[in-house]
Amino acid sequence: MITLRPAIEADCAKLATLATQVWLHTYAWSGISQAIANFVLTELTPEKYAARLDDPNSHLTVAEHGSNLVGMVRTHRGPPWPDAKPEQGQIELATLYVQAHYVRKGIGERLLKFAEQHAAQYSQEPLWLTVNVHNANAIAFYKKMGYQKIGTTFFKMEDADHENHILLGTRRSS
């Protein structure tokens, strides 16, 4: 049985490990470059997750199977996407990760719906997110969930720019 709950400080090592596993599975399709190694070792750390838990603009929810983390979702209140009007998209879907063994079991959908309901408490605007243009599985998932491409941005990792779609969800009732 999968349960959802708010992340706590004791989860930070598991969050970092889950994020590393999902991130590498998704983006290291041509092997581990120095840039990928540097990113993982500096950005996907227990300390970074502890800081996110302490950030009042960040909300992190985990999906558990027993006492093991199998997914997470993080929203962040802040400025909208590049080129948005100031009143648009104040809440970003910053991260939605589901461990590969648990993909296509409804966990991602549950986490996304939970994030949308949480975000509706703070804004009438739908969630927005960025997704790598090569992440076909995620793009198909978000399209199925009603998200539409509204623009393009770039994720900078060291000296390389990686193209990302900006997606906007639909307004959902809370």
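These exercises work through a predicted model of one protein chain.

**Exercise 1. Fold order**

State how many helices and strands the protein chain has, and give their order.

*Solution.*
- Step 1: Count the elements. The chain has 5 helices and 7 strands.
- Step 2: Read along the sequence. The pattern is β-α-α-α-β-β-β-α-β-α-β-β.

**Exercise 2. Overall dimensions**

Decide whether the radius of gyration of the protein chain agrees or disagrees with that of a compact globule.

*Solution.*
- Step 1: Set the expectation. For 174 residues, a compact globule would have a radius of gyration near 16 Å.
- Step 2: Compare. The chain has 15 Å, which agrees.
- Step 3: Add the box. Along the principal axes, the C-alpha atoms fill roughly 40 × 35 × 30 Å.
- Step 4: Add burial. Buried residues account for 43% of the 174 residues.
- Step 5: Look at contacts between residues at least 6 apart in sequence. Of these, 60% join residues at least 24 apart.

**Exercise 3. Surface and charge**

Describe the accessible surface of the protein chain and the placing of its charges.

*Solution.*
- Step 1: Take the area. The accessible surface is about 9,800 Å², and carbon and sulfur atoms hold 52% of it.
- Step 2: Take the charges. There are 17 positive and 17 negative charges.
- Step 3: Locate their means. The two mean positions lie 9 Å apart.

**Exercise 4. The faces of α2**

Work out how the buried residues of helix α2 are arranged, and what they pack against.

*Solution.*
- Step 1: List them. In α2 (residues 34–43), the buried residues are Ala 35, Ile 36, Phe 39 and Val 40.
- Step 2: Look down the axis. The buried residues fall within an arc of 130°, so they line one face of α2.
- Step 3: Turn to the face away from the buried side. Gln 34 and Leu 41 are exposed there.
- Step 4: Find the partners. The buried residues of α2 pack against α1 (12–27) and β6 (148–157).

**Exercise 5. The sides of α5**

Sort residues of helix α5 into buried and exposed.

*Solution.*
- Step 1: Ala 138, Phe 141 and Tyr 142 are buried in α5 (residues 136–144).
- Step 2: These residues cover an arc of only 95° around the axis, which puts them on the same side of α5.
- Step 3: Ala 136, Lys 143 and Lys 144 are exposed on the other side.
- Step 4: Continue past the helix. Just after α5, Gly 146 has a positive phi of about 95°.

**Exercise 6. An unusual phi**

Explain why the phi of Arg 104 stands out, and place the residue.

*Solution.*
- Step 1: Recall the rule. Most residues other than glycine have a negative phi.
- Step 2: Check the residue. Arg 104 is not a glycine, yet its phi is positive, about 70°.
- Step 3: Place it. Arg 104 sits in the loop between β4 (91–98) and α4 (107–120).
- Step 4: Judge exposure. The cut-off for exposed is over 50%. Arg 104 has 71% relative accessibility, so it counts as exposed.

Conventions:
Residues numbered from 1 in each chain as written. Predicted model: local features only at pLDDT ≥ 70, side-chain atom pairs only at ≥ 80, totals over all residues. Heavy atoms only, no water. Helix = DSSP H or I, 4+ residues; strand = E, 2+ residues; numbered from the N terminus. Rg over C-alpha atoms; globule rule 2.2 N^0.38 Å. Buried < 20%, exposed > 50% of the residue type's maximum accessible area, 1.4 Å probe, protein only. Contact = heavy atoms within 4.5 Å. Areas by Shrake-Rupley, 256 points an atom, 1.4 Å probe, with all protein chains shown as cover. Lys, Arg positive; Asp, Glu negative; His and termini not counted. Charge placed at Lys NZ, Arg CZ, Asp CG, Glu CD. Arc of directions from axis to C-beta.
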